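Notebook open, coffee poured. I want to look up how some helices pack and where one residue sits.

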Amino acid sequence: MSPTYVLAVLAGLTAIAFLSGRRRATGFSAGQRSHSLAGYHGGYVAFWCALPGLALFAMWQIAEPSLLRSYVLEQLPADLQALPESQLGLIFNDIRNLVDGNIVAGEPTAAILAAAERYAQLRAVSHWILAVAVLAVGLGTFAFAFI
């Protein structure tokens with residue numbers, strides 16, 4: 001799942017949280033009068049739904065590229081790992097370009113093709129884990145704030 005879709009779903013969940021909090025505040029009986037406006041209750045629930053999910057999303061987006069890079073480069077054959085850091089950076093750029101469908105410098109070797117396939121799989125799994133984690137945090141904090 002694309003990170004853009006994760007943000008869109010989190011925004012939708014936040015809108016649902018706002019409406020649910022506002023509806024709950026207006027649903028009090030006459031004897032249970034609320035001390036605040038209904039919109040404030042909706043904003044409180046929406047805030048607690050969105051903020052932890054956005055924080056997790058931001059941390060994931062910062063950490064994911066370096067973690068994927070280090071894991072993919074560790075899986076390369078020993079002769080490629082022995083190259084200087086600048087050469088490893090160029091190899092990793094070729095791997096990312098292969099995955100993204102861009103032009104690659106020269107003909108890729110079998111090791112680079114295998115690394116590109118591994119990188120694509122890891123990135124897809126990472127995006128799905130991000131989606132599940134952000135939605136779980138959003139739903140959990142929505143339930144926490146709604147109660």
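I started with helix 1 (residues 3-26) and helix 2: helix 1 passes helix 2 in a right-handed crossing (the near helix is turned clockwise from the far one by less than a right angle; anticlockwise would be left-handed). Their axes come within 6 Å and cross at roughly 160°, so I noted the two as roughly antiparallel (over 145 degrees). By class, this contact has 15 nonpolar, nine polar and one charged residues.

A note on what I'm looking at: this is a predicted model, where local features need pLDDT of at least 70, side-chain atom pairs count only at pLDDT 80 or more, and totals for chains, interfaces and linings use all residues. Residues are numbered from 1 along each chain as its sequence is written, and side-chain values use heavy atoms, without hydrogens and water.

Next I checked helix 2 (residues 38-74) against helix 4 (residues 85-100): they pack at about 105°, axes 11 Å apart. That makes helix 2 roughly perpendicular to helix 4 (65 to 115 degrees). From helix 2, I found Arg69, Val72 and Leu73 meeting Glu85, Leu88, Gly89, Phe92 and Ile95 of helix 4 (contact means heavy atoms within 4.5 Å). I sorted these residues into five nonpolar, one polar and two charged.

Last, I looked up threonine 141, in helix 5 (residues 110-146). Threonine 141 counts as buried because its relative accessibility is 15% (the cut-off is under 20%, with a 1.4 Å probe and protein chains only). The side chain of threonine 141 reaches the backbone oxygen of valine 137 at 2.8 Å and that of glycine 138 at 3.2 Å. Leaving aside neighbours within four places in sequence, I saw threonine 141 in contact with Trp48, Cys49 and Pro52.

Key:
Helix = DSSP H or I, 4+ residues; strand = E, 2+ residues; numbered from the N terminus. Buried < 20%, exposed > 50% of the residue type's maximum accessible area, 1.4 Å probe, protein only. Polar contact = N/O pair within 3.5 Å; in protein donor to acceptor, adjacent residues only side chain to side chain. Axes fitted to C-alpha atoms, helices over the stretch in contact; angles between N-to-C directions. Parallel < 35°, antiparallel > 145°, perpendicular 65-115°, else oblique. Nonpolar A, V, L, I, M, F, W, Y, C, P; charged D, E, K, R; others polar.
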